[in-house]
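Dear colleague,

Here is the structure I said I would pass on. My notes on it follow below the sequence and model.

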Amino acid sequence: MPQCTYEIYKTREWTEWIKVGAGKGKAIRFIQNKIGIGIAETAVFGDGFNDTGMMRSGSKKYIMKNSQLENKVPGSIIIDDIQNELIKIQRG
């Protein structure tokens, strides 16, 4: 049976196992390639250490206030509510 290596992210509420080489960053890059956009045209939203790979895939990095990533992602914007931020982005 093939062996896999995983990154494990854990809080008091949940545990997440992600196969090394997979993850949200890779998924975002796949979508960017599929629809023909780049980092400059991509916004990413995160709240936990499992989102760090994804943070390299967008030029606008939004981090939830009081989350694991607050003040840990250079150039990020701290937000209270994702839905409100998406409305602001849509309005331009």
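For the charge figures in this email, Lys and Arg count as positive and Asp and Glu as negative, while His and the chain ends are left out. On that count the protein has 14 positive and 10 negative charges, and the mean positions of the two sets lie 5 Å apart. Please keep in mind that this is a predicted model.

Overall layout

The protein contains three helices and five strands. Read from the N terminus, these elements follow the order β-β-α-β-α-β-β-α. The C-alpha trace spans about 50 × 35 × 20 Å along its principal axes.

Of the 92 residues, 27% are buried. The accessible surface amounts to about 6800 Å², and carbon and sulfur atoms account for 53% of that area. As for contacts between residues at least 6 apart in sequence, 20% of them link residues at least 24 apart.

Charge on the surface

Which residues gather in a patch of positive charge on the surface? They are K19, K26, R29 and R56. Of these I looked further at K19, which belongs to strand β2, residues 15–19. Its relative accessibility is 45%, and K19 is classed as partly exposed because that value falls between the 20% limit for buried and the 50% limit for exposed. A residue needs over 30% relative accessible area to be included in a patch, so K19 meets that condition at 45%.

The loop between β4 and β5

Two asparagines in this loop have backbone angles worth a look in the viewer. N66 sits in the loop between β4 (60–64) and β5 (77–79). Its phi is positive, at about 65 degrees, although N66 is not a glycine. N71 lies in the loop between β4 and β5 as well, and its phi is also positive, near 65 degrees, in a residue other than glycine.

Are these two residues buried or exposed? N66 has a relative accessible area of 66%, so it counts as exposed. N71 is likewise exposed, because its relative accessibility of 67% is over the 50% cut-off.

In short, the notes cover a positive patch that includes K19, and two non-glycine residues with positive phi, N66 and N71.

Regards

Note on methods. Residues numbered from 1 in each chain as written. Predicted model: local features only at pLDDT ≥ 70, side-chain atom pairs only at ≥ 80, totals over all residues. Heavy atoms only, no water. Patch = residues over 30% accessible without salt bridge, like charges linked within 9 Å, V, L, I, M, F, W, Y side chains within 5 Å. Areas by Shrake-Rupley, 256 points an atom, 1.4 Å probe, with all protein chains shown as cover. Salt bridge = Lys/Arg side-chain N within 4 Å of Asp/Glu carboxyl O. Charge placed at Lys NZ, Arg CZ, Asp CG, Glu CD. Helix = DSSP H or I, 4+ residues; strand = E, 2+ residues; numbered from the N terminus. Buried < 20%, exposed > 50% of the residue type's maximum accessible area, 1.4 Å probe, protein only. Contact = heavy atoms within 4.5 Å.
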